Amino acid sequence: MELKHKLEKIFNDDYPGTERFIADVIEPIFGNEIENIDEDLAEREMYAEKAKKAGIKHIIYIGDLTEKNYNADNIALLDVTLDDSKNIERSRVNIQQLIRSIMDYRQHLMIVFHYEDVKDKQWRFSYAYKGDSLKDTTSAKRYTYVFGKGYRGRTAAERFQVLAKSQRNNEDFEKAFSVAALSDEFFDKYRAY
């Protein structure tokens with residue numbers, strides 16, 4: 001099955017779990033070279049209070065993608081479990097503050113957000129990036145897609161496929177997930193008709 005269709009199927013269903021997400025989404029693009037860390041950042045003193053305020057139970061730092069599979073800077077993979085009683089939309093500001101503090105030490109983050117009970121609940125994928133300059137550090141960019149039953153994962157699947165076909169350098173990541181790039185592509189196709 002073509003990567004795009006396989007991803008759409010995954011994105012249009014309940015969160016498949018960390019292992020399957022890595023095997024079916026991350027590995028087809030980056031290979032299986034992940035430097036495993038497997039640490040719950042929500043247990044670190046520097047993140048614990050912010051995680052609690054955001055309704056986050058766990059922030060599993062899965063690991064880092066190894067550089068031989070891409071040409072970009074450090075890419076960390078995080079799996080975030082939200083408390084079932086919390087609404088992700090109402091916790092968005094607190095979640096953003098927590099992600100910013102995690103980004104103090106990382107340039108790229110790929111984050112999956114899901115609830116403890118994943119059945120019939122939306123889940124999200126976010127890609128966050130900050131540049132090298134001080135200005136870029138304070139204004140990290142984040143692109144988020146909502147998945148699950150009743151949500152269409154076509155756009156995200158297309159963006160992942162764009163990334164898979166690229167050299168996967170810093171610019172390719174931003175281009176793949178950027179809303180502006182998506183809009184430009186849409187209007188270019190629209191004008192072609």
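Before selecting anything, take one definition along: a residue is called buried when its relative accessible area is under 20%, exposed when it is over 50%, and partly exposed in between, using a 1.4 Å probe and protein chains only. By that definition, buried residues make up 46% of the 193 residues in the chain.

This is a predicted model, in which local features need pLDDT of at least 70 and side-chain atom pairs count only at pLDDT 80 or more, while totals for chains, interfaces and linings use all residues. Residues are numbered from 1 along each chain as its sequence is written, and side-chain values use heavy atoms, with hydrogens and water left out.

**The whole chain**

Start with a cartoon view of the chain, which has eight helices and six strands; helices (H or I, at least four residues) and strands (E, at least two) are DSSP runs numbered from the N terminus. Followed from the N terminus, the elements run α-α-β-α-β-β-α-β-β-α-β-α-α-α. Switching to a surface view shows an accessible surface of about 10,500 Å², of which 46% belongs to carbon and sulfur atoms; such areas come from the Shrake-Rupley method with a 1.4 Å probe, and for residues only the protein chains shown count as cover. A contact means heavy atoms within 4.5 Å, and of the contacts in the chain with a separation of 6 or more, 63% are between residues 24 or more positions apart.

**The nonpolar cores**

Next, select Phe-11, Phe-21, Met-110, Phe-125 and Phe-177, the residues with the most contacts inside the largest nonpolar core, which has 32 residues. A nonpolar core here is a set of buried Ala, Val, Leu, Ile, Met, Phe, Trp, Tyr and Cys residues joined through side-chain atoms within 4.5 Å. Helix α2 (residues 18–30) gives the largest share of this core, six residues. Apart from that core lies another, of 23 residues, and Ala-54, Ala-76, Leu-78 and Met-103 are among them. In soluble globular proteins, nonpolar side chains tend to be buried together.

What does Phe-177 touch, if residues up to four places away in sequence are not counted? Showing its surroundings brings up Phe-125, Tyr-127, Tyr-143, Tyr-145, Arg-159, Phe-160 and Leu-163.

**Three helix pairs**

Now select helix α6 (residues 154–164) together with helix α7 (residues 170–177), whose axes come within 8 Å and cross at roughly 160°; axes are lines fitted to C-alpha atoms, for helices over the stretch in contact, and angles run from 0 to 180 degrees between N-to-C directions. That angle makes α6 roughly antiparallel to α7, because angles over 145 degrees count as roughly antiparallel, those under 35 as roughly parallel, 65 to 115 as roughly perpendicular and the rest as oblique. The contact joins Arg-159, Phe-160, Val-162 and Leu-163 of α6 to Asp-172, Phe-173, Lys-175, Ala-176 and Phe-177 of α7.

Keep α6 in view and add helix α1 (residues 3–11), which packs with α6 at an angle of about 140°, the axes being 8 Å apart. The two helices α1 and α6 are therefore oblique to each other. On the α1 side the contact is made by Leu-3, Lys-4, Leu-7, Glu-8 and Phe-11, and on the α6 side by residues including Arg-154, Phe-160 and Ala-164.

For the third pair, keep α1 and add α2: their axes come within 11 Å and cross at roughly 155°, which makes α1 roughly antiparallel to α2. Here Leu-3, Lys-6, Leu-7, Ile-10 and Phe-11 in α1 meet Arg-20, Phe-21, Asp-24, Val-25, Pro-28 and Ile-29 in α2.

**Single residues to finish**

Back in helix α6, select Thr-155, which counts as partly exposed because its relative accessibility is 28%. The C-alpha atoms of Thr-155 and Phe-177 are separated by 9.7 Å, although the two residues are 22 residues apart along the chain.

Is His-108 buried or exposed? This residue of strand β4 is buried, with a relative accessible area of 0%. Measuring from C-alpha to C-alpha, the viewer should place His-108 and Ile-75 4.7 Å apart in space, while they are 33 residues apart in sequence.

Last, select two residues with positive phi that are not glycine: Asp-38, with phi near 50°, and Asp-120, with phi of about 60°. Asp-38 is found in strand β1 (residues 34–40) and counts as exposed at 61% relative accessibility. Asp-120 lies in the loop between β4 (108–115) and β5 (123–129), and is exposed as well, with a relative accessible area of 53%.
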